[in-house]
Amino acid sequence: MTQEQEYAAADFADRGQLNSVQLNVVTLVDMEKAAATKSLDGCLYMMDNSVGGVGQGGDHLETICKQGQVINWIIRPIDMHRRPDGTWPPMPKINNLVFLDIEKGDEDDVAERRIMTELKIYGAPDRMRDQYTAVYYYWAGAVMSDARPGLYRYRFVLELEKEHGTDKLYLNSAHYPALRVMPV
């Protein structure tokens, strides 16, 4: 069964979920592997709370959303526990989301038309890290109310803290997750 058939078969019996004000896309990053390979290939594990989305657990996530909906991209490292020496593991941060123009056939082209309105980058994990508080960075945006229904691929530009020192490592996602915008 194709994805389109799956969407039609489900007929979105749970359409009420599409009325949700916000969606969350959670990405776990294998920081050790990403730093060692200087690549995000095989280092991202994504999941969301959309109804009918596909690709949960990998880096090809397709999130079902609607025009005007707010989406929160939450990112955190796989290892979040304080180490025996009292230090915390490095943190990932979403530096940017870049939507791609797949209509041109070249997924490396940046979309000419805006898909999202950026709301803000949030997070200050170093100030509030402790064993009882979930800490992460996130990037929030609202799907443009006039975005045409369809599939919109994007890539992450991530800023990764290095294990030692103040240098940062900037990486682009190797595979492209997507938003599937449904008509309201």
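Which side chains meet in a salt bridge here, at 2.7 Å from N to O? Hi everyone, let me start with that one. It is the pair of Arg180 and Glu62. The pair ties together distant parts of the chain: Arg180 sits in strand S10, residues 178–182, while Glu62 sits in strand S3, residues 62–66, and 118 residues separate the two. Both ends are under cover, as Arg180 is buried and Glu62 is buried too. A search through the whole structure turns up 1 salt bridge. Please keep in mind that what you see is a predicted model.

Now a step back to the overall picture. The protein chain holds 4 helices and 10 strands. Walking along the sequence, you meet them in the pattern α-α-β-α-β-β-β-β-β-α-β-β-β-β. Of the 184 residues in the protein chain, 40% are buried. For those of you who like contact maps: taking contacts between residues at least 6 apart in sequence, 66% join residues at least 24 apart. And for the surface people, the chain exposes about 10,000 Å², with carbon and sulfur atoms supplying 49% of it.

Let's look at strand S1, residues 22–29. One face is covered, with Leu23, Val25, Thr27 and Val29, and the other is uncovered, with Gln22, Asn24, Val26 and Leu28. Leu23 from that covered face counts as buried because its relative accessibility is 2%, and a cut-off of under 20% is what buried means. The C-alpha atom of Leu23 is 6.5 Å from that of Ser50, although the two residues are 27 apart along the chain.

Which strands does S1 pair with? Strand S4, residues 70–77, pairs with S1 in the parallel sense over 8 bridges, and in that pairing Val26 stands opposite Ile74. Strand S2, residues 44–48, pairs with S1 in the antiparallel sense over 5 bridges. Here Val29 stands opposite Leu44, and Val25 faces Asp48. S2 has two faces as well: Leu44, Met46 and Asp48 are on the covered one, Tyr45 and Met47 on the uncovered one.

Next comes strand S8, which spans residues 150–161. This strand is mostly covered, with 9 of its 12 residues buried. S8 has several partners to go through. With strand S5, residues 92–99, S8 pairs antiparallel over 7 bridges, and Asn96 has Val157 as its bridge partner. With strand S9, residues 168–172, S8 also runs antiparallel, joined by 5 bridges. Val157 turns up again there, with Asn172 in S9 as its bridge partner. With S10, S8 pairs antiparallel over 4 bridges, and Arg153 stands opposite Ala178. Recall that S10 is also the strand that carries Arg180.

My last stop is Glu161, which lies in S8. In general, side chains of opposite charge can pair when their charged atoms come close. So how far from Glu161 is the nearest side chain of opposite charge? That side chain belongs to Lys168, at 4.4 Å, and Glu161 is buried yet has no salt bridge. The cut-off for a salt bridge is within 4 Å, so that distance does not qualify. What does the side chain of Glu161 reach at 3.0 Å? The answer is the backbone nitrogen of Met91.

That's my tour, thanks for listening!

Methods. Residues are numbered from 1 along each chain as its sequence is written. This is a predicted model: local features need pLDDT of at least 70, side-chain atom pairs count only at pLDDT 80 or more; totals for chains, interfaces and linings use all residues. Side-chain values use heavy atoms; hydrogens and water are left out. Buried means under 20% relative accessible area, exposed over 50%, partly exposed in between (1.4 Å probe, protein chains only). Two strands pair if DSSP finds at least two bridges between them. Contact means heavy atoms within 4.5 Å. Accessible areas come from the Shrake-Rupley method with a 1.4 Å probe; for residues, only the protein chains shown count as cover. Lys and Arg count as positive and Asp and Glu as negative; His and the chain ends are not counted. A polar contact is a pair of N or O atoms within 3.5 Å; within protein, one must be able to donate a hydrogen and the other to accept it, and residues adjacent in sequence count only if both atoms are side-chain atoms.
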